[in-house]
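Trainee: Before I use these terms at the bench, I would like to know what stands behind each of them. Please take me through them.

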Amino acid sequence: MKIAVIGQSLFGQEVYCHLRKEGHEVVGVFTVPDKDGKADPLGLEAEKDGVPVFKYSRWRAKGQALPDVVAKYQALGAELNVLPFCSQFIPMEIISAPRHGSIIYHPSLLPRHRGASAINWTLIHGDKKGGFSIFWADDGLDTGDLLLQKECEVLPD
């Protein structure tokens, strides 16, 4: 399957590597711009593999998707978007473009902790269970239909 990965960090890198290991064709990686001259690990890994990497600080302006960004994305022909640790708001034109839609990996048991810092809020609230959720992207903040959840006990260490 042709997949576009939209995310960042070591977690995004791990998801990217796993997708390739499973035989999927990653047609493009969208990650955050370099910070203090240092590239994001997801982008670095994709560059090593010769996968096109796009580093956008924003996807829209004044509520509208940026036409040049949409055009570059559409040219890749992705059949599915995978968003591991995506901190940017992606326009619905991108989310709904692939034939199979877009899925998001989220580091909490939704709906308990939506939005940023989900792991932190799991700990701050003293939750006994933590985990992750994979869900279909929609126009809300972490509100799409769940595909999978895995939980684990939260221990002191």
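Mentor: Start with strands S7 and S8 (residues 129–136), which run antiparallel and are joined by four bridges.

Trainee: What makes S7 and S8 a pair?

Mentor: Two strands pair if DSSP finds at least two bridges between them. Four bridges join S7 to S8, so the rule is met. Ile103 stands opposite Trp136 in S8. On S6 (residues 80–84), S7 has another four bridges, here in the parallel sense, and Asn81 is opposite Ser102.

Trainee: How far can I lean on such details?

Mentor: The model is predicted, with residues numbered from 1 along each chain as its sequence is written, and local features need pLDDT of at least 70, side-chain atom pairs count only at pLDDT 80 or more, and totals for chains, interfaces and linings use all residues. Side-chain values use heavy atoms, and hydrogens and water are left out.

Trainee: What makes a stretch a helix or a strand, and how many of each does the protein chain have?

Mentor: Both are DSSP runs numbered from the N terminus: helices are H or I with at least four residues, strands are E with at least two. The protein chain has five helices and nine strands. From the N terminus, the order is β-α-β-α-β-β-β-α-β-α-β-α-β-β.

Trainee: Why is S7 called largely enclosed?

Mentor: Buried means under 20% relative accessible area, exposed over 50%, and partly exposed in between, with a 1.4 Å probe and protein chains only. Five of the five residues of S7 (residues 102–106) are buried, so the rest of the structure largely encloses the strand. Ser102, Ile104 and His106 point one way, Ile103 and Tyr105 the other way. In a regular strand, side chains alternate between the two faces of the sheet. Strand S2 (residues 25–31) is mostly covered, with six of its seven residues buried.

Trainee: Which strand pairs with S2?

Mentor: S1 does, in the parallel sense, over five bridges. The bridge partner of Ala4 is Gly28 in S2.

Trainee: Why is Ile3 called buried?

Mentor: Ile3, in strand S1, has a relative accessible area of 2%, so it falls under the 20% limit. Contact means heavy atoms within 4.5 Å. Residues up to four places away in sequence aside, Ile3 touches Leu19, His24, Glu25, Val26, Val27, Gly28, Ala78, Leu80 and Val82.

Trainee: Gln8 is in a loop, so why is Gln8 called buried?

Mentor: The loop lies between strand S1 (2–6) and helix H1 (9–21). What counts is the area: 13% for Gln8, so it too is under 20%. Neighbours within four places aside, its contacts are Thr31, Val32, Asp40, Leu42, Pro84, Phe85 and Ser87.

Trainee: How do you know that the radius of gyration of the protein chain agrees with a compact globule?

Mentor: The radius is taken over C-alpha atoms, and the globule rule is 2.2 Å times the number of residues to the power 0.38. For 157 residues that gives a value near 15 Å; the protein chain has 16 Å, so the two agree. The C-alpha atoms fill a box of roughly 45 × 35 × 30 Å along the principal axes. Of the 157 residues, 44% count as buried.

Trainee: What share of the contacts joins residues 24 or more positions apart?

Mentor: They account for 56% of the contacts with a separation of 6 or more.
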